[in-house]
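Reader: Got a minute to go through this one with me? Pull it up and we'll start with the pocket.

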Amino acid sequence: MIPKILLSFDVEEFDMPLEYGFDITPKKQMEIGKLGLDKLMPLLADPAIQCSLFTTANFANHYPDTIQNLSQQHEIASHTFYHSSYTEKDLLSARQRLSEIIQKEVVGLRMPRMKQVPVEDIIHAGYTYDASIHPTWLPGRYNNLHLPTSFYKDNGLNRIPASVSTFFRIPLFWLSFKNMPYALYLALAKHTLKKERFLSLYFHPWEFVDVTAFGLPNYTIKGCQSSLFLKLNRLIFDLKKHGEFVTYQSFVQTQIEH
Ligand SMILES: [Zn+2]
């Protein structure tokens, strides 16, 4: 089987400045999120790739037509209702609202900030897979070094972990992509793809616009805007030689069938 590349974006209101005590209005958060999504459109229009867009229902409520259009080619999955707050009922209401907007069933979940919630809550809300596991150690956030790096079942729930390097489990997520030299990141990603037969990567649309004015630490915004966009295009170009870009949903399907 051709290795699968699962490229995902967390399509959300840009609330990260709040984490750093910088005030940003809900309106501005939404605008920045949308600007970023617009910036990604040329990439998302590439017929050779399919992505999964983990979208908050709040964001989709502001831009339903955009989300609906994107659902023609890509998977729309749930990033719950609001990025800044969570209650259990949001799991179901977000899934229902997104399904209503795209007129298709929504089956996947990624929790904001990879927050862990009980498996039964996720299943109860009708999701078939979860992509909120990052099997690495992020100081001050989580230590998941004991969790699998491959696709696995967890009490009836399909889990697709975010990818890490084969040695030392260095996360291959958005912050690494920004901060590592390109050649190193690509080498690690190719290694993981070869070993695991899949890569699960995630970025955010707001990374691709100028967010220097919002009090964020430099390592979170480094190489933002155009240079990062070019870097990501280069990554896609290079990875195309080693695998096929598919959605999380279709990847889960192939795993279940095997
Ligand atoms: Zn998020």
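Author: Sure, one definition before that: Ala, Val, Leu, Ile, Met, Phe, Trp, Tyr, Cys and Pro count as nonpolar, Asp, Glu, Lys and Arg as charged, and the others, Gly among them, as polar. This is a predicted model, where local features need pLDDT of at least 70 and side-chain atom pairs count only at pLDDT 80 or more, while totals for chains, interfaces and linings use all residues. Residues are numbered from 1 along each chain as its sequence is written, and side-chain values use heavy atoms, with hydrogens and water left out.

Reader: OK, how do the residues of the lining of the largest pocket divide?

Author: Into 13 nonpolar, four polar and eight charged.

Reader: And which residues are the closest to its centre?

Author: Met16, Arg141, Phe173, Trp174 and Leu175, out of 25 that line the largest pocket. A pocket here is an open set of points on a 1 Å grid over the protein atoms alone, where a 1.4 Å probe fits, with protein on both sides within 12 Å along at least five of seven lines; lining residues have an atom within 4 Å of a point.

Reader: Which helices each supply at least two residues of that lining?

Author: α1 (16-19), α7 (174-179) and α9 (218-221) do. Helices are DSSP runs of H or I, at least four residues, numbered from the N terminus.

Reader: Switching topic: at what angle do α2 and α10 pack?

Author: About 25°, with the axes of α2 (residues 26-44) and α10 11 Å apart. Axes are lines fitted to C-alpha atoms over the stretch in contact, and angles run from 0 to 180 degrees between N-to-C directions. So α2 is roughly parallel to α10, a label for angles under 35 degrees.

Reader: Which residues meet there?

Author: Lys39, Leu40, Pro42 and Leu43 in α2 meet Ser226, Phe229, Leu232, Asn233 and Ile236 in α10; contact means heavy atoms within 4.5 Å. They divide into six nonpolar, two polar and one charged.

Reader: What about α8 and α10, how do they cross?

Author: Helix α8 (residues 182-196) and helix α10 (residues 226-239) cross at roughly 35°, their axes coming within 11 Å. That contact has five nonpolar, no polar and four charged residues.

Reader: Last one: what does Ile2 touch?

Author: Gly243 and Glu244, not counting residues up to four places away in sequence. Ile2 is also 10 Å from Leu193, C-alpha to C-alpha, though 191 residues separate them in sequence.

Note on methods. Angles under 35 degrees count as roughly parallel, over 145 as roughly antiparallel, 65 to 115 as roughly perpendicular and the rest as oblique.
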